[in-house]
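Student: I have a structure open in front of me, and I would like to understand the words used to describe it. Could we go through them step by step?

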Amino acid sequence: GFDFERRNMSCETYVFANNKGGSGKSTIAFQLAASVAKARPNTQVLTIDLSLYSDLTTMLCGGTSRPSLLAASRGAQTALEGTSKDERVEGLLRALATGKQGGMSEEDNQVSGLFGGWNPFSPTKRPAPKASEGTAGEQPIDLRRFAVRPSDLLAEIDQGGDVQWTLPSNLWVCCSCGELPLEPQEVPDAVRRLRSAISALPQNWIVIIDTDHLAKSPVSELAFCAATKLILPLSIDDNDFSRLFIDPTGNALFEVLEGLEGREPGWLQSKVHKVVFNNVLHYQNQPSHNDGVVLPFTPAKACIQQMKNMADQMYSVHTDDNKLVRFFMDGHKVGSMEQFRERYFSGMRKASEIVMNASKLLGCPICVLPSGTIAIDTLSCTIDAKVLQALQSEVTLLTESVFS
């Protein structure tokens with residue numbers, strides 16, 4: 001296998017993005033962040049949740065399970081109770097916008113909503129920002145100030161379950177609780193400060209940023225202009241694929257990237273590093289090589305053809321009039337169609353509903369999920385050891401593909 005600890009690493013930055021909701025951005029980010037943290041014990045993995053729905057925060061901080069129908073999820077409640085606004089994404093965004101390490105003002109901290117502040121559908125309405133005074137000469141913002149270890153949060157706050165498992169202690173999260181206070185006029189300075197903050201991190205850190213379907217939002221622009229490697233989770237549905245290029249809401253991912261690229265030279269940082277086909281029907285639990293599409297499992301034949309069709313459509317545009325090639329990491333270095341498939345495409349199979357539901361409900365990534373009987377709130381199930389072991393092996397292979 002790939003020796004994660006063998007090489008001298010610089011700070012790597014990843015953004016998970018797709019303008020189609022439900023494509024698997026947060027779920028795959030959750031699984032892979034934990035997996036790479038487990039595989040690289042000498043590396044610190046920082047996740048930053050820039051999604052309005054806060055799914056990554058929820059899964060990392062206790063899971064999506066709810067004690068009752070109208071209650072907040074355990075993960076959301078744990079994040080809300082275990083951190084202050086100044087310690088979450090809200091504080092980080094204000095620090096990036098203003099240059100003040102403290103981040104939140106007294107006015108910011110007066111906001112509240114459903115479940116004592118948990119309101120993902122009503123972000124704070126902020127006054128127009130003052131004219132920028134620039135970022136030159138400032139000390140870099142310390143991203144670690146806004147991060148917590150999920151393992152510490154879960155140790156401090158009872159999550160209501162008796163399943164014994166632990167998240168890697170080198171996994172961190174900058175929590176979101178539904179407030180993303182960043183105005184369009186504040187983005188340029190915020191981008192410069194986030195780039196500086198990432199550069200100031202030690203080399204043994206990895207930064208993973210989650211976004212939502214609003215690819216044109218200020219926080220998505222912040223992510224695309226600060227992180228370098230774009231991970232694109234994608235279903236094999238043709239409509240979802242087409243929406244990457246044409247979206248009546250103005251959020252088509254590649255249109256947004258093109259707009260950012262045209263802003264000024266070097267403004268757009270993110271380029272596609274890996275397309276991860278998600279929820280793919282599998283034929284057997286063996287790695288496969290399908291005319292260049294290398295997968296940690298063997299997919300059903302119909303799925304293989306659909307994945308190759310999508311990859312080939314991208315390649316045809318990739319090479320035509322220098323279009324998509326600008327938005328892929330290795331650009332013109334990838335010559336043939338088979339090289340293009342091998343360099344950029346991988347996948348995650350449709351997992352057992354029992355295993356995936358247990359993982360998300362518990363907030364327990366597949367890489368550390370125990371087999372046997374699990375009970376929490378309304379969930380009671382038995383996880384088969386062989387099924388789990390096969391899935392864990394596949395997540396490890398996908399982790400190596402994405403983070404190699």
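Tutor: Let us begin with burial: in this predicted model, 56% of the 404 residues of the protein chain count as buried. The chain has 14 helices and 13 strands, and its accessible surface comes to about 17,000 Å², of which 49% belongs to carbon and sulfur atoms.

Student: Why is K308 called buried or exposed, whichever it is?

Tutor: K308, which lies in helix α11 (residues 301–319), has a relative accessibility of 12%. Buried means under 20%, so K308, at 12%, counts as buried.

Student: Which residues does K308 touch, if residues up to four places away in sequence are not counted?

Tutor: On that count, K308 touches N290, D291, V293 and R341. K308 and D291 are 17 residues apart in sequence, and from C-alpha to C-alpha they are 8.2 Å apart in space.

Student: What makes M337 buried, partly exposed or exposed?

Tutor: M337 is found in helix α12 (residues 337–344), and its relative accessibility is 32%. The cut-offs are under 20% for buried and over 50% for exposed, with partly exposed in between, and therefore M337, at 32%, counts as partly exposed. Leaving aside neighbours within four places in sequence, M337 is in contact with D312 and Y315.

Student: Now the helix pairs. How do you know whether α1 is roughly parallel or roughly perpendicular to α13?

Tutor: Helix α1 (residues 25–39) and helix α13 (residues 353–362) pack at an angle of about 80°, and their axes are 12 Å apart. Angles of 65 to 115 degrees count as roughly perpendicular, so α1 is roughly perpendicular to α13. In this contact, T27, F30 and Q31 of α1 meet M356, S359 and K360 of α13, and by class these residues divide into two nonpolar, three polar and one charged.

Student: And what makes α4 roughly perpendicular to α7?

Tutor: The angle between helix α4 (residues 89–98) and helix α7 (residues 187–200) is about 105°, with axes 7 Å apart. Since 65 to 115 degrees is the range for roughly perpendicular, the angle of about 105° makes α4 roughly perpendicular to α7. The contact is made by A95, L96, A97 and T98 of α4 together with D189, A190, R193 and L194 of α7, and it has five nonpolar, one polar and two charged residues.

Student: How do you know on which side of α10 its buried residues lie?

Tutor: The buried residues of helix α10 (residues 253–261) are L253, F254, V256, L257 and L260. They cover an arc of only 155° around the axis, so they are on the same side of α10. A general point helps here: an α-helix has 3.6 residues a turn, and therefore residues three or four places apart point the same way.

Student: Which residues are buried in α13, and where do they lie around its axis?

Tutor: In α13, the residues V355, M356, A358, S359 and L362 are buried. Because they cover an arc of only 160° around the axis, they too are on the same side of the helix, here α13. Just after α13, G363 takes a positive phi of about 70°.

Note on methods. Residues numbered from 1 in each chain as written. Predicted model: local features only at pLDDT ≥ 70, side-chain atom pairs only at ≥ 80, totals over all residues. Heavy atoms only, no water. Axes fitted to C-alpha atoms, helices over the stretch in contact; angles between N-to-C directions. Helix = DSSP H or I, 4+ residues; strand = E, 2+ residues; numbered from the N terminus. Parallel < 35°, antiparallel > 145°, perpendicular 65-115°, else oblique. Contact = heavy atoms within 4.5 Å. Nonpolar A, V, L, I, M, F, W, Y, C, P; charged D, E, K, R; others polar. Buried < 20%, exposed > 50% of the residue type's maximum accessible area, 1.4 Å probe, protein only. Arc of directions from axis to C-beta. Areas by Shrake-Rupley, 256 points an atom, 1.4 Å probe, with all protein chains shown as cover.
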